[in-house]
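Me: I would like to go through this structure one question at a time. Please show it, and keep the reasoning short.

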Amino acid sequence: MGWLMRWRPVAAGPETAVAPDERLSWPQTAALGLQHVIAMFGATVLAPLLMGFDPNVAVLMSGVGTLIFFVITGGKVPSYLGSSFAFIGVVIAATGYGGSGPNANLPAALGGIVVCGVVYSVIGLVVAAIGGGWVEKLMPPVVTGAVVAVIGLNLAAVPIKNMAPTPFDAWMQGLTFVCVALVAVHGRGMVRRLLILAGLIAASLLYALLTNGLGLGKPIDLSGVQAAAWLGLPTFTAPRFESQALLMIVPVALILVAENLGHLKAVSAMTGKDMSPHLGRAFIGDGVATIVSGASGGTGVTTYAENIGVMAATRIYSTAVFVIAALMALLLGFSPKFGALIQAIPLAVMGGVSIVVFGLIAVAGARIWVEQQVDFKDPRNLMVAAITLVIGTGDYTLHLGGLSLGGIGTATFGAILLHAMLRPRGR
């Protein structure tokens, strides 16, 4: 297994990209890993809270899943695995979750997540055996670019509508994304590389000055950090397999395929390395990670666009960064104190950072179109992209019996079906 850990040390300037098989110094790599933890943390914690899962288990399983993905892909694909938002609608519908507290029907949801992971892994095995040409034909760049862009745009409402409860918080969100933008444009050296982390720290200090110092908003409260234990086990839950929940949750596997394919295309475009030979292993890695997470009480996981957005901003694609980030997530999952510290970050600051990261996800989708030279003079491509973006961003929802398919789902299936339906005659 030693070949998994062979990264070439490099000394890169702020404008130099670092390849997946390269790394900066270990202190720099550790700092970059922390930035990826912060980038994934908000969504990875928010998703389980919306479904009534234990967020500490979700964070722990994100670390475990990322390490599983790293091993199965041979350390060649830079990706972080976090809680998938594609499960939220179907899990809520399947369990009848009321929206607050623990989910009483959590085991049934976990059973659906486990079987979804099995189906996803089988798709990966087929791709690994016969190639991914059929997947790429089903989901060409116009489709994957639209799906990736929609994930960022669909999630945009989360920080804007849910993470700024007061006018002060809304202004603080604005100050936060301005801090990040200033670091991105005017930062130098490693500060610029760590733009998300540096912007978050600067915004948190500014928030503390305005609230704890001047009394303009809700002050930062560190009492939870002081009271939390350094080490502690999260609450694990075993799955239960119920047919109704399976029918509703398992089809999410197709959305995960589209997400992963889109993310792999985005990584290919950013790194200049063709990641398509690793497509089958990437599907298997994500599928196995979802099985392990669901079997332990965690959410389904997916390669995280939030972290792809960070890579787009930093141009650091070293898989060593994701190993460090995964190990930090394990620490977070087993450390209530570390979790309390992250949760002490003001909601508005996390919201401002989320706006930046979700925007970078949307741009990563557009970048797929540019890099793959999608021809928007072709009315087929124009219609697929236009309709997908609006139904995904607007959270267009379809109901069929007890099944509810939200914006990301309708956008994913819609893009695939539209592209197939609009195929010219004779082709």
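Me: Leaving out residues up to four places away in sequence, which residues does S121 touch?
Reply: This is a predicted model, and contact here means heavy atoms within 4.5 Å. S121 has its place in helix 4, residues 106-130. With sequence neighbours up to four places away not counted, the residues that S121 touches are I284, G287, V288 and I291.

Me: Is S121 buried or exposed?
Reply: A residue counts as buried under 20% relative accessible area and as exposed over 50%. The relative accessible area of S121 is 8%, so S121 is buried.

Me: Which backbone oxygen does the side chain of S121 reach?
Reply: A polar contact needs a pair of N or O atoms within 3.5 Å. The side chain of S121 comes to 2.9 Å from its partner, which is the backbone oxygen of G117.

Me: How many cavities of 30 Å³ or more does the structure hold, and what is the volume of the largest cavity?
Reply: Rolling a probe the size of a water molecule over the atoms shows where empty space is left. The structure holds 3 cavities of 30 Å³ or more. For the largest cavity, the volume is about 110 Å³.

Me: Which elements give two or more residues to the lining of the largest cavity?
Reply: The lining of the largest cavity has 13 residues, and A39, G42, A43, S354 and F358 are the closest to its centre. The elements that give two or more residues to this lining are helix 1 (26-51) and helix 18 (347-371).

Me: How do the residues of the lining of the largest cavity divide into nonpolar, polar and charged?
Reply: Ala and Phe count as nonpolar, whereas Gly counts as polar. By this scheme, the lining of the largest cavity divides into 10 nonpolar, 2 polar and 1 charged.

Me: What is the volume of the second largest cavity, and which elements supply at least two residues of its lining?
Reply: The second largest cavity has a volume of about 90 Å³. Its lining is made of 13 residues, with F85, I151, E259, T302 and Y304 nearest its centre, and it divides into 6 nonpolar, 5 polar and 2 charged. The elements that each supply at least two residues are helix 6 (141-155), helix 13 (252-271), strand 4 (301-303) and helix 15 (305-314).

Me: How many salt bridges does the structure hold, and which residues are linked in a network?
Reply: The structure holds 3 salt bridges. R8 forms a salt bridge with D21, with the closest N and O atoms 2.8 Å apart. R8 also forms a salt bridge with E22, where the closest N and O atoms are 3.1 Å apart. The residues linked in a network of salt bridges are therefore R8, D21 and E22.

Me: How many residues apart in sequence are the parts that R8 and E22 tie together?
Reply: R8 forms a salt bridge with E22. Because R8 lies in strand 1 and E22 in strand 2, the pair ties together parts whose separation in sequence is 14 residues.

Me: Which residue of the network of R8, D21 and E22 is buried?
Reply: R8 is partly exposed, at 43% relative accessibility. D21 is partly exposed too, at 31%. With a relative accessible area of 14%, the buried residue is E22.

Me: Which side chain meets that of E242 in a salt bridge?
Reply: E242 is partly exposed, at 32% relative accessibility. The partner is partly exposed as well, with a relative accessible area of 37%. The N to O distance is 2.7 Å, and the side chain that meets E242 is that of R240.

Me: What is the phi of Q373, and why is its sign worth a remark?
Reply: Most residues other than glycine have a negative phi, so a positive value in such a residue is worth a remark. Q373 lies in the loop between helix 18 and helix 19 (379-393) and is exposed, with a relative accessible area of 70%. Q373 is not a glycine, yet its phi is positive, at about 55°.

Me: Where is D395 found, and what is its phi near?
Reply: D395 is found in the loop between helix 19 and strand 5 (398-400). At 41% relative accessibility, D395 counts as partly exposed. D395 is a residue other than glycine with a positive phi, near 60°.

Terms used
Residues numbered from 1 in each chain as written. Predicted model: local features only at pLDDT ≥ 70, side-chain atom pairs only at ≥ 80, totals over all residues. Heavy atoms only, no water. 1 Å grid on protein atoms, 1.4 Å probe; cavity = no way out; pocket = protein on both sides within 12 Å on 5 of 7 lines; lining within 4 Å. Points joined across faces, edges and corners; volume = space filled by probe spheres on them. Helix = DSSP H or I, 4+ residues; strand = E, 2+ residues; numbered from the N terminus. Salt bridge = Lys/Arg side-chain N within 4 Å of Asp/Glu carboxyl O. Buried < 20%, exposed > 50% of the residue type's maximum accessible area, 1.4 Å probe, protein only. Polar contact = N/O pair within 3.5 Å; in protein donor to acceptor, adjacent residues only side chain to side chain.
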